[in-house]
Amino acid sequence: MEPERYELQEASTYSFPLQRREFLKLAGGGVLVVLLGPSAFAQRTRASQDLPEEVSGWLHIDSQGAVSVFTGKAEVGQNIRTSLAQAVAEELRIPLDSIKMIMADTDRTPYDRGTFGSRTTPYMAPQLRRAAAAAREVLLELAAERWKTETEGLRIEDGAVTDPKSGRKLSLGELTQEKQIDRAISAVGATLTDSSQWKVLGNSHAKVNGREFVTGKHRFTTDLRLPNLHFGKVLRPPAYGARLLTLDDQEARRIEGVRIIRDGDFVGVTAPDPERAEQAANALNVRWETVTHPSDDELFRYLEENSDFDPAQTTPELDQAFNQSRAILETTYTVPYIAHVPLEPRAAVAHWENGRLTVWTGTQRPFGVRSELAGAFGLAETKVRVIVPDTGSGYGGKHTGEAAVEAARLARDSKYPVKLVWTRKEEFTWAYFRPAGVIRVRSGVSREGKLLAWDFQNINSGSAGIESPYLCKARRIEFHRSDSPLRQGSYRALAATANHFARESHLDEIALSVGVDPLDFRLKNLDDERLLAVLRKAAETFDWSNREKKERIGHGIAAGTEKGSYVANCVTVRFEPSTRQLEIEKIVTAYECGAIVNPRHLENQVEGAVLMGLGGALYEAIRFRNGQILNPRLSLYRVPRFSDVPELQTVLINRADLPSAGAGETPIIAIAPALANAIFDATGERCRSLPLRDFHS
Amino acid sequence: MVIRMQLTSIEIALRVNGQEHRVKTNPRRSLLSGLREDLGLIGAKYGCGEGQCGACTVLIDGDAVRSCIRRVEDLKGRDIVTIEGLEKDGQLHPLQQSFLDHDALQCGYCTPGMIMSALALLNKNPRPESDEIIEFMEGNICRCCAYPRILKAILQVADSDFHRTES
């Protein structure tokens with residue numbers, strides 16, 4: 001099973017809509033470096049999709065020396081437009097601001113599975129670095145040819161090749177003019193600049209197009225304007241599973257400029273302005289047939305009953321280990337559905353022209369959305385273009401193309417392009433959720449506090465982060481699918497948050513049950529040096545060993561690893577029993593993801609993820625009854641705000657000797673258990689369900 | 001039969017970023033929609049439509065206002081300032097510069113609203129303490145939770161004499 005997106009459909013097949021020689025012709029010559037993975041021309045299979053070489057990038061230096069980099073990755077706030085430009089600047093020895101990143105445009109960029117799973121930094125960045133390194137070699141060769149000398153001894157820096165011996169100098173443009181060089185290189189070859197020599201990578205650089213954002217000039221999908229743009233509105237059922245019985249659109253049709261589109265159960269309207277579209281949708285007279293649907297008060301029972309999980313099952317190995325255990329602990333944890341709440345809701349602008357469909361939309365999977373569109377309209381993928389403007393965040397919540405398909409359907413019968421912007425309520429209701437789940441944990445420890453038995457059963461929430469880093473011979477770790485009442489999908493770090501909540505809470509409980517300090521217990525049962533390092537660093541920064549046990553004050557620790565990154569949190573909470581008010585006083589985070597690419601952006605991601613994690617830990621939960629979401633508004637669904645930010649101490653460990661891993665997800669995984677453990681320390685009450693809202697107003 | 005909507009468009013005089021505009025618009029229209037659709041000022045964003053997230057914040061007579069819950073019709077003759085009005089002759093406003101310098105954003109969707117709220121605060125209280133900033137900015141959501149950097153960016157401008165002399 002692919003844990004990334006276990007609910008959704010297949011990726012599209014590989015395609016290169018634009019042949020590279022054709023591209024070079026269009027681009028007017030220069031130097032083009034195309035990166036080809038071993039799987040590029042082979043038949044793509046499921047297995048090959050996981051090869052690091054799966055994605056190809058293009059790098060082009062035009063005849064004026066301007067550098068353009070083409071990648072199918074999308075910018076959704078994780079700042080990869082900046083980090084990937086850094087990667088190219090490093091290898092090509094050119095200024096960062098001279099690079100143009102062309103991203104997430106299915107006509108112009110090579111196929112990419114999607115921007116998820118923290119894959120951009122470990123996989124895409126090295127590939128673009130290889131392309132840049134190859135381009136660097138071409139430039140040196142061109143200079144050597146011009147000067148009739150060897151490439152050895154020539155230097156490339158600040159966008160020019162120099163010959164230190166003679167003082168000769170040629171700019172990139174001078175080298176590439178009137179050239180047509182097309183080089184295909186392997187994604188695995190080429191020598192990359194060692195991190196000890198990094199000049200651009202490893203340093204803080206501001207968001208490359210940051211000025212566009214602080215001036216309000218950047219055009220998100222929701223901001224796009226096209227000539228004769230019309231606005232769409234889709235009729236939503238009153239509840240999940242409701243079927244349309246009758247539709248009377250007479251009143252809506254009387255509104256000037258309005259078109260009604262009905263196609264099966266899909267009903268939508270278009271109008272020359274958003275208000276008229278909304279008014280027309282409201283004027284539709286509809287009868288629906290609703291069906292019964294599970295509600296949140298029966299959610300966890302429902303998930304267990306609809307899975308193949310059998311609590312009676314065990315193994316002889318586990319039985320034996322439990323028999324040898326000094327203490328056995330069996331606990332159950334639950335996590336609810338939560339929403340991503342990207343501040344920019346789903347939106348799309350669709351335009352049909354001569355049988356070809358172009359859609360601008362905010363998505364993490366432009367090529368996946370292209371497939372969705374091609375499938376929905378029976379088109380060849382070459383007839384569909386998806387363009388992703390830098391997007392108002394996703395957090396795993398924008399893998400799908402709902403708004404794109406809807407806008408395209410609305411636009412198809414109209415001669416105008418159509419913009420559709422989901423309302424916040426639509427985003428809360430018709431997108432998908434972080435899966436809810438039940439996690440049953442049973443463990444046994446020796447007198448000395450060594451883990452002997454580990455039985456971890458996850459029902460529905462997912463398998464990411466389910467493997468335990470703790471040493472234990474007898475273990476059974478399983479994920480069980482269930483029938484999810486709500487549509488569910490990816491969320492930042494996926495199930496790693498739920499699995500770490502269960503594992504790290506449970507470890508705290510069992511450590512305390514045998515009288516071992518929670519930090520010592522972890523140190524005693526781990527051998528992963530990188531995980532140990534973040535734990536020690538967090539504990540040292542927090543001064544864990546000297547923490548003072550005071551009334552109403554609690555301290556908690558938790559740690560974890562996922563997607564090649566390591567995180568540990570120590571927190572202090574203050575609990576007021578009379579009001580049951582919980583205040584988080586301090587969060588210490590130690591984080592390690594290999595060689596740091598951009599320290600300031602890394603800190604921003606780490607702190608942002610930790611703070612976002614407070615929402616899921618303390619108060620976020622989707623409530624639903626009879627197929628309706630009960631809290632589909634920001635006034636009813638609380639997300640972290642300014643006043644929720646406690647004192648933060650964030651320590652980034654730079655392992656320059658290790659490859660860089662992505663950091664957009666993993667820092668979210670340890671904060672919930674650290675808080676639950678601190679709450680127990682303060683109150684003596686163990687909370688095994690997220691959100692920990694019993695402890696929060 | 002096609003009927004005109006009962007809300008025939010009306011002509012409204014709006015003063016935005018120091019410029020007078022006469023717009024023919026739908027009187028039911030929110031100020032947010034008016035700015036975006038009638039004037040093409042897309043800096044203010046839709047985030048929730050109920051004044052809960054602050055992405056649509058603009059200044060009206062110097063106060064931070066959620067433009068998604070104000071009708072354009074009610075704002076005749078008022079002085080409206082949007083994010084587009086801050087940059088002068090290619091020179092960023094100190095708050096914009098500080099947001100850039102501190103990387104006080106991730107996806108950037110909340111950024112215009114954040115800057116406009118912070119501007120309203122500094123206009124009234126040029127030297128706010130951290131807790132005053134936090135209280136004032138509570139209505140602005142940064143879903144990426146870049147709050148610590150946003151706070152730093154505002155504090156830096158609050159600590160400087162920069163913005164007081166320029167306005």
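In which sense, and over how many bridges, do strand β1 (residues 30–36) of chain A and β8(A) pair? In this predicted model, the two strands pair in the parallel sense, over 7 bridges. Within this pairing, G30(A) stands opposite Q180(A), a residue of β8(A).

**The sheet of chain A and its helices**

The strands β1(A) and β8(A) belong to an open sheet of 5 strands, arranged in the order β4-β3-β2-β1-β8 (chain A), with mixed pairing. The edges are formed by β4 (99–103) and β8 (180–186) of chain A; each has a single partner strand, so one side of each is left without a neighbour in the sheet. On average, and with direction ignored, neighbouring strands of this sheet are turned by 15° against each other.

Two helices of chain A are associated with these strands. Helix α2 (residues 80–92) of chain A lies across β2 (58–61), β3 (67–71) and β4 of chain A, and runs at about 135° to β4(A). Helix α3 (residues 120–147) of chain A packs on the sheet, where it touches β1, β2, β3 and β8 of chain A. The direction of α3(A) makes about 140° with that of β1(A).

**Two enclosed helices of chain A**

Helix α11 (residues 402–412) of chain A has 10 buried residues out of 11, so it is largely enclosed by the rest of the structure. The buried residues of α11(A) include the charged-letter positions E402(A), E406(A) and R409(A), together with others such as V405(A) and L410(A). Helix α17 (residues 671–683) of chain A is likewise described by its burial: 12 of its 13 residues are buried, so α17(A) is largely enclosed by the rest of the structure. Among the buried residues of α17(A) are I671(A), P673(A), L675(A), N677(A), F680(A) and D681(A). The cover over the buried residues of α17(A) includes the helices α13 (496–513), α14 (518–525) and α16 (599–618) of chain A, as well as the strands β22 (553–562), β23 (565–576) and β24 (581–592) of chain A.

The length of α17(A) can be checked against its residue count. At 1.5 Å a residue, the 13 residues of α17(A) should span 18 Å, and the end C-alpha atoms are 18 Å apart, which agrees. After α17(A) comes G684(A), whose phi is positive, near 75°. The segment after α17 of chain A also holds P691(A), which is joined to L690(A) by a cis peptide bond with omega of about -5°.

**Individual residues of chain A**

Strand β24 of chain A, part of the cover of α17(A), contains I587(A). I587(A) is buried, with 28 other C-beta atoms within 10 Å. Leaving aside neighbours within four places in sequence, I587(A) is in contact with N569(A), V571(A), V610(A), P646(A) and L648(A). The C-alpha atoms of I587(A) and H506(A) are separated by 20 Å, and these residues are 81 residues apart along the chain.

Is L494(A) buried or exposed? L494(A) is buried, because 28 other C-beta atoms lie within 10 Å and 20 or more suffice for that class. By contrast, N354(A) is exposed, with 5 other C-beta atoms within 10 Å. Neither N354(A) nor L494(A) is a glycine, yet each has a positive phi. The table sets out the values and places of these two residues.

| Residue | Phi | Location in chain A |
|---|---|---|
| N354(A) | about 50° | loop between β15 (347–353) and β16 (356–361) |
| L494(A) | about 50° | loop between β21 (474–480) and α13 |

**Chain B: its domains and its contact with chain A**

The domain assignment of chain B gives domain 1 (10–85) and domain 2 (94–166). The C-alpha centres of these two domains of chain B lie 21 Å apart. Between them, 14 residues of domain 1 of chain B are in contact with 13 residues of domain 2 of chain B. On the domain 1 side, β3 (57–60) and β4 (63–66) of chain B each supply at least two residues. The largest share of that side, 3 residues, comes from β3(B). By class, the domain 1 side has 8 nonpolar, 4 polar and 2 charged residues.

Chain B also touches chain A, in a contact that takes 50 residues from chain B and 52 residues from chain A. On the side of chain B, the elements giving two or more residues are α1 (31–38), α2 (94–101), α3 (111–124) and α5 (147–159) of chain B. The residues of this side divide into 27 nonpolar, 11 polar and 12 charged.

Definitions and conventions:
Residues numbered from 1 in each chain as written. Chains lettered and ligands numbered in written order. Predicted model: local features only at pLDDT ≥ 70, side-chain atom pairs only at ≥ 80, totals over all residues. Contact = placed C-beta atoms within 7 Å. Helix = DSSP H or I, 4+ residues; strand = E, 2+ residues; numbered from the N terminus. Nonpolar A, V, L, I, M, F, W, Y, C, P; charged D, E, K, R; others polar. Expected span 1.5 Å × (residues − 1). Domains from an automatic or database assignment. Pairing = 2+ DSSP bridges. Axes fitted to C-alpha atoms, helices over the stretch in contact; angles between N-to-C directions.
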